[in-house]
Amino acid sequence: MDGVKSVGAGLTGAEAARRLAANGPNAIPEVRPDRVRMLAGKFWAPVPWLLELAVLLELVLGDYVQSLVFAVLLIFNAVLAFAQEGRAQQAVELLRKRLTVTARVRRDGAWTQIRAGELVLGDLAHLRQGDIVPADLKLLDGAVELDQSALTGEFRGVAAQAGAVAYSGSVVVRGEASGEVTAVGTATFFGRTAELVSTAHAPGNMERLIFGIVEALIGLALLIVAIVVADGLVRHLSLHEMVPFVLTLVIASVPVALPATFTLASALGSKEMSQQRVLVTRLAAIEEAASMEVLCTDKTGTLTQNILTVEALLAVPPCDEAMLLRAAAAASDAATQDPLDLAILAQAKARHLAELGERTSFVPFDPATKRSEATVHVREGDIRVVKGAPRVVGQLAGADEASLGPEVDRMAASGARVLGVAQGPVGGSLELVGLVALADPPRADAARLVEDLHQLGIRVVMLTGDSLATASAIAAKVGITGRAARGQVLREEAGSAPPGGSGPTGRPWDRDDWYDVYAEVLPEDKMRLIANLQRASVVVGMTGDGVNDAPALKKAEVGIAVASATDVAKAAASLVLTDPGLEDMVAGVEVSRRIHQRMLTYTLNKIIKTLQVAVFLGFGLVVFGKFVTTPTLVVLLLLANDFVTMSLATDRVRSPRRPDRWRVAPLVLAGLGLALPLVLLSFALWWFGTTYLALSLTQMQTLVFLWLVLSGQATVYLVRERQHFWHSRPSRWLAGSSAADLVVVLLLAWRGWLMAGIRPIDLGVALGSALIFLVLGDLLKAWIFRAAGLRR
């Protein structure tokens, strides 16, 4: 029953350790990126080009101080982005170390799983469907079909049998085989093993939407620039005055800190999720998980314990239970490490049953055919043994569905998984031997998990290949109380109109044909369900563990590989759980929603400040005929604002209890609503400063700079909390950066460094105006958010 005795007992643990020490690990030395080249790259992009152009123009015009200020901003942003990208790479490297390819090897006469990096020359390894080949192997028995597209760049199924070589990095599409390791690490034919973490940052919907908002803001700024230039031509302003001002106005509208903020938020988010035992292979999934509305989950090993035991046997006369168990064991293989096979083999061993005969061939379980089978040589000749889904096996054996169905439903009523077993002569007809019921009870935390996900506004849909009776029983035990259907429903709907729009809320779960449990599903059924939900604009999460789940994991916005998943499933997923079950997914969703809230705050703050600065600077020149502040002070303003807004990536926020999706229109409308009182206060402050404080033009420019910094601080604390601004405490980083920012800008304005000095009373007026806006904005905020359709 071991299925691989012909390949030998493998290495001893001591010999493997000796070879590992002598030859090194099965890994490729990492090529570190050139950090100098990375830093230089931060100066070669559209935003740095604008700043570099400003530096050159100021040098040509002879304004060396202003040129130096632009250069400082350029270097500040480049170093900041470089440092945060380094932190993101460190986070991804941590994930790479934890997300490694595993291998099944035979050590000390027993099969076990180890990290692929611990393989040594001469090891006996076993490959099964869904594995990434961990080293170059010379196959000794079995047969597999390999996908070498990751190595050759094109998909072409390659058949490999005993004597052939399976190259490191290939994917086992189907079949099973055992082989001897012939090369590891740099000595492998293709020179590297497969990695599961493929990228440090892939843009998601949130980032694309934010860049869309930024493009709109730049468009507004360019419109204001056109008005300012036209006004300047009418007033006959010199190029020496106009060019720096126009460049400054454009730069003030560009999200200089946006890339660094995203990198920092992603790096911190991946680190925080890894502490919750959720590893991130695609950082954009952190954003998508915040919007997830439906989670499609497998049953076995996710909602159940995946610890199977034979619960009941129903033999069909003249066969008895012993004959049924021997036949089931003949169609099982310990090398596969399949829980179903291991449970059957363990029961046969516990009953001290002899093998049915010498097995001459074995085809492992295939989700597409829903069965495994073997050819066994017995005294009477060769026989074929089939084990799998009861209805599939029953059809092959010509069993009466009318009598078989009720027995299957009866055995599955407790939630047991039922298998059918049939045998017959090779080339002849099969006869049903009986049914085997295997118990896989729900996990102790499964019901609480489902309830927690429901409380987060996420619907849980269970998909399983088990019978409808088994699926319904387990669903009821874990709290999934909706209607159940067979996967055939999805196949029948394949050509129908997409779901959505017919329920009271226009969501697919309000339709009459919505089901929360799907049984007897095929791998392609999962793809159909995900596609249907996505056509209805639903953000879908999908859990999986096998190679046939990989397409669905890739297609879903949030693909989640469970702890026991195959290497291919982990490579296709965007999140990988390191502990059994889905309990850690709840914490992962809460973390992703906190990150979403931080980036939402940053974006809303950016919209408000851009509108305020661009409108006031541009129309201030048009209305007053004077530059309300200087390009140097605008650059200092950007430095001061970026210093604080970058800290929003660490802010303390509450996780929303419902999925939250990015919607551009409500954000822009809310930004306009809060920017309007800021602009009005800005013009009022100019009037007050020139009329009652009797400040000169240069002093007024200092007062405007200070007001813009202080009102920016007030905006951060106003929008970070959807309720009153005092409802929650900011993080230490945010509070500390705010305090440092205030001290520096107040000191600069009072002492007259880099600007004209102003009196303490003028400082008080600026502070008072910022507090007035904070209180006024807090009173208006709830109404503005509600009118804009922005969720509180």
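This section describes the fold, the two main sheets, the nonpolar cores and two individual residues of a predicted model.

The protein chain contains 25 helices and 21 strands. Of its 792 residues, 55% are buried. Long-range contacts are prominent in the count: among contacts with a separation of 6 or more, 75% link residues 24 or more positions apart. The chain exposes about 32700 Å². Carbon and sulfur atoms supply 60% of that area.

One open sheet is built from six strands. Their order is β10-β15-β14-β13-β12-β11, and the pairing is antiparallel. The edges are taken by β10 (309-315) and β11 (358-366). Each has a single partner strand, so one side of each is left without a neighbour in the sheet. Neighbouring strands are turned by 20 degrees against each other on average, direction ignored.

Strand β13 (residues 381-388) pairs with β14 (residues 417-425) through six bridges, and the two run antiparallel. Two of the facing pairs can be named. G388 stands opposite G420 in β14, and V386 has A422 in β14 as its bridge partner. On the other flank, eight bridges join β13 to β12, again with antiparallel strands. A hairpin of two residues connects β12 to β13. Within this pairing, V378 is the bridge partner of G381 in β13. Is β13 enclosed or open to the outside? Six of its eight residues are buried, so β13 is largely enclosed by the rest of the structure.Two helices accompany this sheet. Helix α12 (residues 390-397) packs on the sheet and touches β12 (371-378), β13, β14 and β15 (431-439). The direction of α12 makes about 20 degrees with that of β14. Helix α13 (residues 401-412) lies across β10, β14 and β15. Its direction runs at about 20 degrees to β15.

A second open sheet has eight strands, in the order β8-β21-β20-β19-β9-β16-β18-β17. Here the pairing is mixed. Strands β8 (278-280) and β17 (484-486) stand at the edges. Each of these two has a single partner strand, so one side of each lacks a neighbour in the sheet. The twist averages 20 degrees from one strand to the next. At the β8 edge, three bridges join β8 to β21 (residues 575-577), and these strands run antiparallel. L279 stands opposite V576 in β21. In general, strands of a sheet pair through backbone hydrogen bonds, either parallel or antiparallel.

The nonpolar interior was examined next. In soluble globular proteins, nonpolar side chains tend to be buried together. The largest nonpolar core in this model has 87 residues. Those with the most contacts inside it are L604, L617, L667, L703, F705 and L706. Helix α23 (residues 697-719) gives the most to this core, with 14 residues. Beyond its neighbours up to four places away in sequence, L604 touches L667, A670, G671, V719, F785 and L790. Another core, of 36 residues, lies apart from the largest one. Its members include V450, V539, I560 and L582.

Two polar residues were then considered individually. R19 is placed in helix α1 (residues 13-23). Its relative accessibility is 24%, and R19 therefore counts as partly exposed. The side chains of R19 and E15 are joined by a polar contact of 2.7 Å. Leaving out residues up to four places away in sequence, R19 touches L11, G24, V120, L121 and G122. The C-alpha atoms of R19 and E118 are separated by 9.9 Å, although the two residues are 99 residues apart along the chain.

S769 lies in helix α25 (residues 760-788). Is S769 buried or exposed? With a relative accessible area of 14%, S769 is buried, because the cut-off for burial is under 20%. A polar atom of the S769 side chain lies 2.8 Å from the backbone oxygen of V765. Apart from neighbours within four places in sequence, S769 is in contact with L681, L685 and W707.

Note on methods. Residues are numbered from 1 along each chain as its sequence is written. This is a predicted model: local features need pLDDT of at least 70, side-chain atom pairs count only at pLDDT 80 or more; totals for chains, interfaces and linings use all residues. Side-chain values use heavy atoms; hydrogens and water are left out. Helices (H or I, at least four residues) and strands (E, at least two) are DSSP runs, numbered from the N terminus. Buried means under 20% relative accessible area, exposed over 50%, partly exposed in between (1.4 Å probe, protein chains only). Contact means heavy atoms within 4.5 Å. Accessible areas come from the Shrake-Rupley method with a 1.4 Å probe; for residues, only the protein chains shown count as cover. Two strands pair if DSSP finds at least two bridges between them. Axes are lines fitted to C-alpha atoms, for helices over the stretch in contact, and angles run from 0 to 180 degrees between N-to-C directions. A nonpolar core is a set of buried Ala, Val, Leu, Ile, Met, Phe, Trp, Tyr and Cys residues joined through side-chain atoms within 4.5 Å. A polar contact is a pair of N or O atoms within 3.5 Å; within protein, one must be able to donate a hydrogen and the other to accept it, and residues adjacent in sequence count only if both atoms are side-chain atoms.
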